[in-house]
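Biologist: Before I rely on the terms used for this structure, I would like to hear the reasoning behind them. Could you take me through it step by step?

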Amino acid sequence: MPMSRTVRFLAGGLAAAVTAALALPSASMGAVASETGVSPREIVIGSTTPLTGPAAPGYKELAPAAAAYFDHVNKNGGINGRKIKFVYYDDKYSPAETKKVTKQLILGDKIFAMFNALGTPPHSAVVDDLNRRGIPDVFVNTGYSGFDNVKKYPTTFPYFPSYVVEAKTMAYFIQNTPELANLKRCLFYQSGEFGDNAKAGFKAAGVDFATETSYFSGAQLQPLTAQITALRSAGCQLVVFFGVTSATANMLATSARAQFAPKWLVTSVGSDNGTLAGLGVPNALLEGLYTPSFLPLLQDTSNKYVSETKAIIEGAGLPWTYYSFYGATSAYVFAQALKAAGKDLTRKGLISALETQSKNFRTPGIVPLVYSKTSHLGYNGYFMGQYKSGLLTRATDYIITADNSLTSKATRGSYTQKPPTAKMLP
Amino acid sequence: MYRRVIAASAAMAMALVAVPLASPASAADACALGQICEGTATGSLGTTKWKIQMPAANFNGTVLLYSHGYRVATPVPAALATPLGFASSPWYRAVTVPGLGASFVGSDAAQVAPSDSVANQLLAKGYALAGAGYATQGWAVAEGVQAGELLMDHINKGGIKGVKKIAVYGESLGANISQVLAERNPRKVSGTLGLCGAYSGPQQLWSGAMTVMYTWKTLINPTIRGANYQSYAQALGDLQIVLGTLAAVGAGTATVSPVGYPIAQANMLAGLMAGLPTNSTNYDGFANPNVEKIGTAAAAAQGYTPLSAGASTAAAMLQNVGAAAALGILGRWDLEQRARVLAGIAATDNANFNGNLTVRYSALLSEAQRNEFGDTMNAVPGVANNLDRMLNALDASIGNPALRFPENGAAVKAINSIPTPNGNSFRTPTVMVTTQSDPISPEGNQGFMNDLISSKLFVATKKGRVADGGAGRESLYTEPVPVNYTKYTANGVRPDLAASVTESGVGHCNFRLNLGNGAQIIGGMDILAAYMNKSIPAGQKKARQVVRSVGGFVNDPDYEPTPLKVVALAK
């Protein structure tokens, strides 16, 4: 029905009667024969992600890698007989652009589901609308803990561990690592929800800091001299950093110039060595830096997730990086959810499959992927990694798990990763 | 052009139930084809001018009775009236006032259409046009309704021959008047077209204004009075402060307020909490494309502005608050004066009709707004967590009558007694059209009206509540131009503010001229005609056709406007 009509009903149970009274065409009533974006031969899914602009380094590799994986699935028969059509647009990490291209995905491309939409500010501009329309919003690429809210965002499924979970796991690691526990620790964070989430996690874990300093988003490439001077003057021996990758690069470079060399514990979203190298950070500055991770190590080709995904990525002519690994493997998990939703694919069926069958999915994580009817948490923890000679290595042979509660701490856990299916097909 | 502001005459007599007193027209008074007929009618609220304009030929039997939008009742000095558009408006007249000098004030001239172009197109379709001035200006719903009823009586008693139907239509405040006319006169009114209606009424509209003014008083300029104006000079003083500060920020001569807060971010917070749009006539809310190429920091070093999408919205909010300031301040003066008259409140007593003593302002900033624009509001060099700092300052005075604005119950009661739409016209075909981005009457007003009508579609019977049926209804939202409309100067550094003002489709009743002058309004009338003259399916078919053929409408069956910010939920 190509028009704008808004007849909202205050009494949901009476909506059908009202609709009949207004004699609206059936298309506006949701009683349609087939699900939007699903045809006998195709499933249309969409994504918004920065392919250009300041946020593109690293992140721009995600969607092409996912597309490469979907091509792999399509070449091997698709999912329940349907090929996946993956449409993704560059939103430049700009919420206004995100609104614009999301509208195109919903009304123009008529997507069945949103997949891997990236960034808290951009996604916040559309998440309410996606949920209101009942569009599955699967594996959102942001650690904002607020998206794990089944009541408010019933169709939204975060994927990687939230910043609250990450802060709690960092706190556990600090408290249970003799080398770090007694160091004078300080916090350097990005103002706003990113830093707020981190601080909430540390507070829940009972970890406080001798000194806190911050920068604001947009200033990550401006001089951080004042912040580094403050950290150095306070005698910080361990600096926990919650900021984006470009800020990490700036911080490490500024500290090196100031001959300030504390132990660093850096958020996973700001510590990818490939992206840091692209920003001019030499491996020497990363040596010994701790950072959490939940995926297998890229160099561990004995891990089937690594070796199989690497073949798909390199077969598609894409660079083999942490982000291409992440993008392709999250697409693999999504493909399993689509298959689990059955041949009569519906949006409700996909959400139900994620909530009730995810424990059966083969996932690349070193930690469990947790979805239920009451929680859309996603991966629930990390192992601690440490850079040595330019490679991320495991600093813990255990994992640390947590949830988004602001009253509980992280705990030490164990998890045995199941191997992927043959050819990583769902 | 700012066309709709409210004001008041303290001396007005306001009976809230209109009692038409005009003498009926005789057959000899009938306005003939091709003629323009004018006259006056007197009711309990005063004398109003009216005007009828007949088509040259082929009268189709339907009279369109127009209710105009706000006109300021109190003279506004030229220095303020000119930037607000009053000085160039045909509906304002120049006056010289002792103490104010050359000023402009809303006229009482009758108006039959939003513009001459729309009038001519409607006449060409065979409609007869009618419209009234109001006995007083300002938030003149009661006066407008009485004027409309007087005019309908005149028409029905021979003022126009061959009348089969009367449909009411109006813009902004006039949409409210039209709606109330339809609700009160179901047997006389056959259809309603509301354009950019301010349906939620003065309590809701001025709670948004209160949010802006309280934020300004707390974070930007403590000398702002904000409410309970005891002289017109106080209101003009507030307007001068707001417009002067916005101009200084725009010119780059003011950045930090005397109380230490960044003005642009504080104003952005005010607008977001009040539910104003995140784009404006000049700023589309998108990042400068050149910034996207070179990065924020590099762009800052090279003098680019606005730097990011959030900064574009901050700039847009300067414009939006400027556009809303006259309504927020002069309109409050008008309403408080009305409250004083209606409730007998002395000039020195409190006339505030919407208090904010217990409002927790941080609750008005939604999670989505915080996430989307938090980075911009935190972007203050040398200040950590600026957004929380501002919100904490706003919330710190909860319960403090010296820093907040307590209400006077008598004033509340008086303002609530002014007629507002109630949805009871659900059996009358109704079409509503508004712009998506309207800083004066946000699009949520139209959603509010839709809900109000829907809530009346069930009636209690012995068998329980059943659907009544209701008439055909369409709610259309117009979109900005489809491409990013902020244009940049040749070197790409700064926005070119003259480039696309009239084409953006953003602003109060700023329908897209580039689709044909008034085409979206005419389209709305065509839809209403199909509902009135044919059937619900015919109206729906016409609506689809109009959306396709005119363009610039939201083409989304599941579209919902951004809801209004309800301050009561934050108390």
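**Reasoning behind the terms**

Modeller: This is a predicted model, and in it chain A is divided into domain 1 (38-161 + 298-379) and domain 2 (165-293). The centres of domain 1 of chain A and domain 2 of chain A, taken over C-alpha atoms, are separated by 29 Å.

Biologist: How many residues of each domain of chain A take part in the contact, and what classes are found on the side of domain 1 of chain A that touches domain 2 of chain A?

Modeller: Nine residues come from domain 1 of chain A and 10 residues from domain 2 of chain A. On the side of domain 1 of chain A that touches domain 2 of chain A, four residues are nonpolar, five are polar and none is charged.

Biologist: What makes strand β7 (residues 185-190) of chain A and strand β8 (residues 211-215) of chain A a pair?

Modeller: Two strands pair if there are at least two bridges between them, and β7(A) and β8(A), which run parallel, are joined by five bridges, so they count as paired. Tyr189(A) stands opposite Ser214(A) in β8(A). Between the two strands the chain passes through helix α8 (residues 193-205) of chain A, and this β-α-β crossover is right-handed.

Biologist: Why is helix α13 (residues 304-315) of chain A called roughly perpendicular to helix α14 (residues 322-340) of chain A?

Modeller: The axes of α13(A) and α14(A) cross at roughly 100° and come within 10 Å. Angles of 65 to 115 degrees count as roughly perpendicular, and therefore α13(A) is described as roughly perpendicular to α14(A).

Biologist: Which residues of α13(A) and α14(A) meet?

Modeller: Tyr305(A), Thr309(A), Ile312(A) and Ile313(A) in α13(A) meet Ser324(A), Phe325(A), Ala328(A) and Thr329(A) in α14(A). By class, this contact has five nonpolar, three polar and no charged residues.

Biologist: Turning to chain B, what makes β4 (76-77) and β5 (92-97) of chain B edge strands?

Modeller: In chain B, three strands form an open sheet in the order β4-β6-β5, with antiparallel pairing. β4(B) and β5(B) are the edge strands because each pairs on one side only.

Biologist: How do you know that β4(B) pairs with strand β6 (residues 101-106) of chain B?

Modeller: The cut-off is at least two bridges, and two bridges join β4(B) to β6(B), which run antiparallel, so the pairing is accepted. Here Pro77(B) stands opposite Ser103(B) in β6(B).

Biologist: Why is helix α10 (residues 309-343) of chain B called roughly perpendicular to helix α11 (residues 367-378) of chain B?

Modeller: α10(B) and α11(B) pack at an angle of about 80°, with their axes 9 Å apart. That angle belongs to the range of 65 to 115 degrees, which means that α10(B) is roughly perpendicular to α11(B). Gly310(B), Ala311(B), Thr313(B) and Ala314(B) of α10(B) make the contact with Phe373(B), Asp375(B) and Thr376(B) of α11(B), and by class there are three nonpolar, three polar and one charged residues.

Biologist: Where are the domains of chain B, and which element gives the most to the side of domain 1 of chain B that touches domain 2 of chain B?

Modeller: The domain assignment gives domain 1 (1-71 + 107-195) and domain 2 (198-512 + 552-571) of chain B, whose C-alpha centres lie 30 Å apart. Their contact takes 31 residues from domain 1 of chain B and 35 residues from domain 2 of chain B. On the side of domain 1 of chain B that touches domain 2 of chain B, α4(B) gives the most, with seven residues, and by class that side has 21 nonpolar, seven polar and three charged residues.

Methods: Residues are numbered from 1 along each chain as its sequence is written. Chains are lettered from A and ligands numbered from 1 in the order in which they are written. This is a predicted model: local features need pLDDT of at least 70, side-chain atom pairs count only at pLDDT 80 or more; totals for chains, interfaces and linings use all residues. Domain bounds come from an automatic or database domain assignment. Two residues are in contact if their C-beta atoms, placed from the backbone, lie within 7 Å. Ala, Val, Leu, Ile, Met, Phe, Trp, Tyr, Cys and Pro count as nonpolar, Asp, Glu, Lys and Arg as charged, and the others, Gly among them, as polar. Helices (H or I, at least four residues) and strands (E, at least two) are DSSP runs, numbered from the N terminus. A crossover is right-handed if, with the strands pointing away from the viewer, the path from the first strand over the helix to the second runs clockwise. Axes are lines fitted to C-alpha atoms, for helices over the stretch in contact, and angles run from 0 to 180 degrees between N-to-C directions. Angles under 35 degrees count as roughly parallel, over 145 as roughly antiparallel, 65 to 115 as roughly perpendicular and the rest as oblique.
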